[in-house]
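This report describes the fold, the buried interior and the side-chain pairings of one protein chain. Please consult the sequence and the structure alongside the text.

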Amino acid sequence: MTFYHGTRRGFKPGGYLLPRAFHEGRATAAPLSPGCVQPEDAAEYVYITESEDLAWAYAWCSPGRGRPKVLVVEPTGPVVPDSEHSPAMLAYRTTSARVVAVHIEPLMTEAEAREGWVMTS
């Protein structure tokens, strides 16, 4: 099974995704793009998905100014379904994940992401 994570941060293969509470020694993050939602427990988990499209939608919503990218990741902690999403969305959370590869060519535009699964109405 392949898992993905959308971001704007500069991860490289071999790096690790950690919950925001541990990342850079702080539990706060830059604001998300307008119209994007964030789980209540975002500081405690790393969110991953089996859907590359969903990962691209999250990449466009990610805080920061870097180029949106999708990471192919290998969970290094337990994987549990994300209660914020329906099972059909194939979204999960884990305590950490190793970056296997980085995709930088988007499968969708920012406008398409805003119309997608992770946006508020």
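The sections below proceed from the overall fold to individual residues.

**Overall fold**

The model is predicted. Its chain contains 2 helices and 7 strands, arranged along the sequence in the pattern β-β-β-α-β-β-β-β-α. Of the 121 residues in the chain, 41% are buried. The accessible surface amounts to about 6800 Å², and carbon and sulfur atoms account for 55% of that area. When contacts between residues at least 6 apart in sequence are considered, 77% of them join residues at least 24 apart.

**Nonpolar cores and helix α1**

In soluble globular proteins, nonpolar side chains tend to be buried together. In this chain, the largest nonpolar core has 10 residues: F3, F11, L17, V46, I48, L71, V73, Y92, A97 and V99. Strands β3 (46–49), β4 (69–75) and β7 (97–103) each give two or more residues to this core. Another core, of 6 residues, lies apart from it and includes A55, A59, V70 and V72.

One member of the largest core, V46, touches H5, L17, L18, P19, Y92, R93, T94, T95 and S96, when residues up to four places away in sequence are not counted.

Helix α1 spans residues 52–61, and 7 of its 10 residues are buried, so the helix is largely enclosed by the rest of the structure. The buried residues of α1 are L54, A55, W56, A57, A59, W60 and C61. Two of them, A55 and A59, are also among the residues of the 6-residue core. The C-alpha atom of A59 is separated by 9.3 Å from that of R9, although the two residues are 50 residues apart along the chain. R9 itself lies in the loop between β1 (3–7) and β2 (16–17) and is partly exposed, with a relative accessible area of 28%.

**Paired side chains**

A search of the whole structure finds 1 salt bridge. It is formed by R98 and E74, whose closest N and O atoms are 3.4 Å apart. Because R98 lies in strand β7 and E74 in strand β4, the pair ties together parts that are 24 residues apart in sequence.

The structure also holds 1 aromatic pair. F3 and Y92 form this pair in an edge-to-face arrangement, with 5.7 Å centre to centre and 85 degrees between the planes. F3 belongs to strand β1 and Y92 to strand β6, so this pair ties together parts that are 89 residues apart in sequence. Both F3 and Y92 also belong to the largest nonpolar core.

The table gives the accessibility of the paired residues.

| Residue | Relative accessible area | Class |
|---|---|---|
| R98 | 26% | partly exposed |
| E74 | 41% | partly exposed |
| F3 | 9% | buried |
| Y92 | 18% | buried |

**A buried acidic residue**

Side chains of opposite charge can pair when their charged atoms come close. D82 is placed in the loop between β5 (80–81) and β6 (91–94). What is the nearest side chain of opposite charge to D82? It is R93, at 4.6 Å, and D82 is buried yet has no salt bridge. The cut-off for a salt bridge is 4 Å, so this separation does not qualify. Leaving aside neighbours within four places in sequence, D82 is in contact with Y47, A91, Y92 and R93. Y92 is thus a contact of D82 as well as a partner of F3 in the aromatic pair, and R93 is in contact with D82 and touches V46.

Technical notes: Residues are numbered from 1 along each chain as its sequence is written. This is a predicted model: local features need pLDDT of at least 70, side-chain atom pairs count only at pLDDT 80 or more; totals for chains, interfaces and linings use all residues. Side-chain values use heavy atoms; hydrogens and water are left out. Buried means under 20% relative accessible area, exposed over 50%, partly exposed in between (1.4 Å probe, protein chains only). Helices (H or I, at least four residues) and strands (E, at least two) are DSSP runs, numbered from the N terminus. Lys and Arg count as positive and Asp and Glu as negative; His and the chain ends are not counted. Contact means heavy atoms within 4.5 Å. A nonpolar core is a set of buried Ala, Val, Leu, Ile, Met, Phe, Trp, Tyr and Cys residues joined through side-chain atoms within 4.5 Å. Accessible areas come from the Shrake-Rupley method with a 1.4 Å probe; for residues, only the protein chains shown count as cover. Rings of Phe, Tyr and Trp (its six-membered ring) pair if their centres lie within 6.5 Å; planes under 30 degrees apart count as stacked, over 60 as edge-to-face and the rest as tilted.
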